[in-house]
Amino acid sequence: MNEKINKEPLIRFKGFTSAWEQRKLGEIGETVSGIGFPEHEQGGKFGIPFYKVSDMNLNGNELVMQIANHYVTEEQIKNNKWKVIKTTPAIIFAKVGAALLLNRKRLVLNDFLIDNNTMAYILAKSWDTYFAKTIFETIHLPKFAQTGALPSLNSKAIEKIGLKIPSNPAEQTTIGTFFSTLDNLITLHQRECDRLGDIKRIFLQKMFPKNGEVTPEFRFDGFTDAWEQRKLGEVAELNPKSDVPSIFKYVDLESVIGTELVSYKEVIKELAPSRAQRVAKKGDVFYQTVRPYQKNNYLFNLNDDDFVFSTGYAQLRPKGNSYFLLSAVQLEKFVRIVLDNCTGTSYPAINSSDLKLIPIFYPALPEQTTIGTFFSTLDSLITLHQRKCELLKKLKKTLLKQMFI
């Protein structure tokens, strides 16, 4: 039984029964290290891409390197005697430093150059491209780094890495196609999430008055009245007092990311942290008073009466529309004013007595409700795509363990 487990993965596509073979990366491909890229040669907008490690972060490069911050011409290549890597496909990854520890890899399909902080693994023709990309994701490269003040990889260490791969090329192709489809779905949902986030930022700028103005640039039909400047403490009750339940769900500062509640802890009152004091009521907005620039603020929209938030949040009980208030406190100009009134540097924080004095523009209730509904819908779409993205990532992580040896 153990012998079978060692020769084939737990999950296989139908029709494939051959044992997998043990191979070293150096037997089925080769590594190429990057070269120096002088600063005065950088900045080109056309030609051959000269990839740096940071290019992996660019939008569009989540799976395959498609764009670069720097391109070089044939003349530059000739003058510097650079050797363009033309044997593709290849997989590139960080070779040295903190970037190596992130364990990121990207596929390259066209001619390229890489700088000396980067390394490439050139795939032999026996590899299916997307199978190779996927099995590379199962390799934890930092494990093979030379230790020291600056961790680094060398070609010999990479080429000695052992892998088990299907002896049947068709099985490689089937697995590669499956994970390519899964990767594309993850990327699709992440891009849609990012796109909606950009739309939200634009509308937050346009649907609230700019400095010195009393009406926003964009308004829904039927609203023409000027907005009023109010203090936060005038439009919401801060930190209303309630008795903490004997058993409750505790929400600390790590429990909210963006505008979503991602976790909580069930605790007994006698054993609870002293900061567990804000008893939530449906419609309350919880504003992060520590490091408010993170904008991890949450509208409690549940019917439960046993959620208690940390005093790291200011509890705002709106006198108008809750989602409008949540949107208003997400505004960059609001956050800047809050930060100006914070104390501390590493962990800037504002106390509730100062927070309630922060100015905020408010329209009449019907316009508040319309704007609040708009941003509520937008946030729901963002959350939907983010959750799908996270579920697909978890699925992929599980399958990587079960479909490879």
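Lys-160 is exposed in the predicted model, with a relative accessible area of 60%. This value lies above the 50% over which a residue counts as exposed. The residue belongs to the loop that connects α5 (155-159) with β9 (162-166). Lys-160 is also paired in space with a residue remote in sequence: 136 residues separate Lys-160 from Lys-24 along the chain, whereas their C-alpha atoms are 5.7 Å apart.

Helix α4, spanning residues 129-137, presents another environment. Seven of its nine residues are buried, so the helix is largely enclosed by the rest of the structure. The buried set comprises Thr-129, Phe-131, Ala-132, Lys-133, Thr-134, Ile-135 and Phe-136; a lysine, Lys-133, is thus among the residues listed as buried. At the start of α4, Asp-128 places a side-chain oxygen within 3.3 Å of the backbone nitrogen of Tyr-130.

The packing of helices α6 and α11 was examined next. Two packed helices are described by the angle between their axes and by the distance between those axes. For α6 (residues 169-206) and α11 (residues 365-402), the axes come within 9 Å and cross at roughly 155°. Because angles over 145 degrees count as roughly antiparallel, α6 and α11 are roughly antiparallel to each other. Their crossing is left-handed. Classified by residue type, the contact of α6 with α11 contains 20 nonpolar, five polar and seven charged residues.

How values were computed. Residues are numbered from 1 along each chain as its sequence is written. This is a predicted model: local features need pLDDT of at least 70, side-chain atom pairs count only at pLDDT 80 or more; totals for chains, interfaces and linings use all residues. Side-chain values use heavy atoms; hydrogens and water are left out. Buried means under 20% relative accessible area, exposed over 50%, partly exposed in between (1.4 Å probe, protein chains only). Helices (H or I, at least four residues) and strands (E, at least two) are DSSP runs, numbered from the N terminus. A polar contact is a pair of N or O atoms within 3.5 Å; within protein, one must be able to donate a hydrogen and the other to accept it, and residues adjacent in sequence count only if both atoms are side-chain atoms. Axes are lines fitted to C-alpha atoms, for helices over the stretch in contact, and angles run from 0 to 180 degrees between N-to-C directions. Angles under 35 degrees count as roughly parallel, over 145 as roughly antiparallel, 65 to 115 as roughly perpendicular and the rest as oblique. A crossing is left-handed if the near helix is turned anticlockwise from the far one by less than a right angle, and right-handed if clockwise. Ala, Val, Leu, Ile, Met, Phe, Trp, Tyr, Cys and Pro count as nonpolar, Asp, Glu, Lys and Arg as charged, and the others, Gly among them, as polar.
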